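Visitor: Please take one part of this structure and go through it closely, with the cut-offs behind each term spelled out. I would like a single connected account.

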Amino acid sequence: MEAEPSSTAAATRITDLNEDSLAHCATYLSLQDLSNLAMTCKSLKRVAYSDPIWQHCFREHWPRELLQTSGLREAYLKRRVAVQQFKFVDPLVADLYITDAKPFDHIILDKNDITFSQGSLVQMTNIDSFLNGRDGVTALSDHNARITCMRLFPLSETSLFRSETQRKENVLVTSSCDHSIRLWWKGSCQRCFRGHNGPVLTLSDKLLGDGSAKVLASGGEDGTVRLWSLSSSGKRGQHALKATLYGHEKPIKLMSVAGHRTSLLATISKDSKVRVWDTTTSSAVRSSCCVGMTSVPGAPVDVKCCESLLYVAAGSSVVAIDLRTMQKVITVAIYQPKLCSFAIVPSKPLICTGGIDKAKLWDIRINQETLKPEPVAELDGHTGPVTLLHMDPYKIVTGGPEDSYINVWETDTGAQTNSFICCPSDAASSSSGMGCSAMAVNGTRIVTTSYGEEHGLLCFRDFFNATCAVSKREDVLASKFWDPQSYSDGDAYS
């Protein structure tokens, strides 16, 4: 008779494996998973920090880089931060000349696709195409008036979604002064939504709601907020309009979806009146969806929701409003004479504001203790208004229509890491003052646009594989690390 296995026999644990075996298995983990592994226990932290793992990570991303023999985790993380902060002078560079000599109103950089608008025209191109010398620009001309807003949303949230292989694909949604909203996919218009009694001025930054019943919000010159289902079928968007919300007396300028409740939508109109709407509430009584109101001084510049707070940049100040009480919590920034742009990173207590000739970095924690907020850093060196502003956990990128240069700064300190030209070098050196018309940043990549009398220019840069670090020399202007006379975009291919 066989003996039954002892119930007290010790179970095999992952830590019973030797460190070499664990380290080999860990090379298949993502950076986030490695971080999670390091937080489980001391022995697994030792594995997660071991050199073989980070040597594999380094070789996988930068196979041509020379590696040191120890401290590979620190070397990998330092390199990763450096490319994210554009700390190099030799990125991959490609220029695309556009025949229309018009301002670029909007631009989106998504994976390898660049989408931009000029007036009523949407244009799309693939990075690989013009890196290989092919123009490959697709023009979408269905709108017949200026495009006012462009957003990307998951294809899976629309009626066009068919299979899991499409899970990572996005659709483009545009609003226009022609009173319409259009949904684009695979280079053509798939849906057209009409309902506003005038130009459609803005779209929500996220879809509202949970589950399969998500809706898109739009704001119009007619002062209404309209809710649309992207899952409705029919090319003309029949039955897509789910609700019309009334309450604003002036055109709606901006809107943002709350972070703590995705059914809440914050809107601000041209007269700086702020309203918060619960989009799950029945709108049978015209304004019954409005669950909060307030107002701010000055002309609206931007709004951003972060959890239960709404940050409103208007006039010369940025204020934080608690969406649960509609009370002003704090004045985060004051920038005289006026604000031109505003950005925030949800993961950090920092905001950035653009003004005339400079931007400013503010720490929300410090300014909670004072009635007169002070910036922690001034990002100086621009010419004219800083209307273009990108902010992520690594960097701040600034630019404007009167400045030929894009400046890059560390998010935590405001220290400058780079500066590069956004237009042809001959235009930068002339008195015409050709500046940056639009800008999009995604990780280690940036696209800038400019235009002159004969054509427009789209310039793409990718710092991921760059190797030559920026060198700050005292005899060079701090904001001009790249000499437009000596730098040629063709150098990136040599």
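Guide: What follows is a close look at one helix pair and its surroundings, with a short view of a sheet for context. The model is predicted, so local features are described at pLDDT of at least 70 and side-chain atom pairs at pLDDT 80 or more, while totals for chains, interfaces and linings use all residues. Residues are numbered from 1 along each chain as its sequence is written, and side-chain values use heavy atoms, with hydrogens and water left out.

The protein chain has eight helices and 32 strands, where helices (H or I, at least four residues) and strands (E, at least two) are DSSP runs numbered from the N terminus. Of its 494 residues, 51% are buried, buried meaning under 20% relative accessible area, exposed over 50% and partly exposed in between, with a 1.4 Å probe and protein chains only.

The part in question is the pair formed by helix H4 (51-61) and helix H5 (residues 72-84). The axes of H4 and H5 come within 8 Å and cross at roughly 30°; such axes are lines fitted to C-alpha atoms, for helices over the stretch in contact, and angles run from 0 to 180 degrees between N-to-C directions. H4 and H5 are therefore roughly parallel to each other, given that angles under 35 degrees count as roughly parallel, over 145 as roughly antiparallel, 65 to 115 as roughly perpendicular and the rest as oblique. H4 passes H5 in a left-handed crossing, a term used if the near helix is turned anticlockwise from the far one by less than a right angle, and right-handed if clockwise. On the H4 side the contact is made by Asp51, Trp54, Gln55, Cys57, Phe58 and His61, and on the H5 side by Leu72, Arg73, Ala75, Tyr76, Leu77 and Arg79, contact meaning heavy atoms within 4.5 Å.

Arginine 79 also takes part in a salt bridge with glutamate 65, at 3.9 Å from N to O, a salt bridge being a side-chain nitrogen of Lys or Arg within 4 Å of a carboxyl oxygen of Asp or Glu. The two partners are 14 residues apart, with arginine 79 in H5 and glutamate 65 in the loop between H4 and H5. Arginine 79 counts as buried at 8% relative accessibility, whereas glutamate 65 counts as partly exposed at 22%. By the salt-bridge rule the count comes to 15.

A residue far along the sequence also reaches this part: asparagine 465, in the segment after strand S32 (456-462), is in contact with His61, Trp62 and Arg79, leaving aside its neighbours within four places in sequence. Asparagine 465 and histidine 61 are 404 residues apart in sequence and 8.5 Å apart in space, C-alpha to C-alpha. Asparagine 465 is exposed, with a relative accessible area of 53%. Across the protein chain, residues 24 or more positions apart account for 49% of the contacts with a separation of 6 or more.

For context, four strands form an open antiparallel sheet in the order S18-S19-S20-S21, two strands being paired if DSSP finds at least two bridges between them. Its edge strands, S18 (300-306) and S21 (327-334), each pair on one side only, and the twist averages 20° from one strand to the next. Six bridges join S20 (residues 317-322) to S21, and alanine 320 stands opposite isoleucine 330 in S21.
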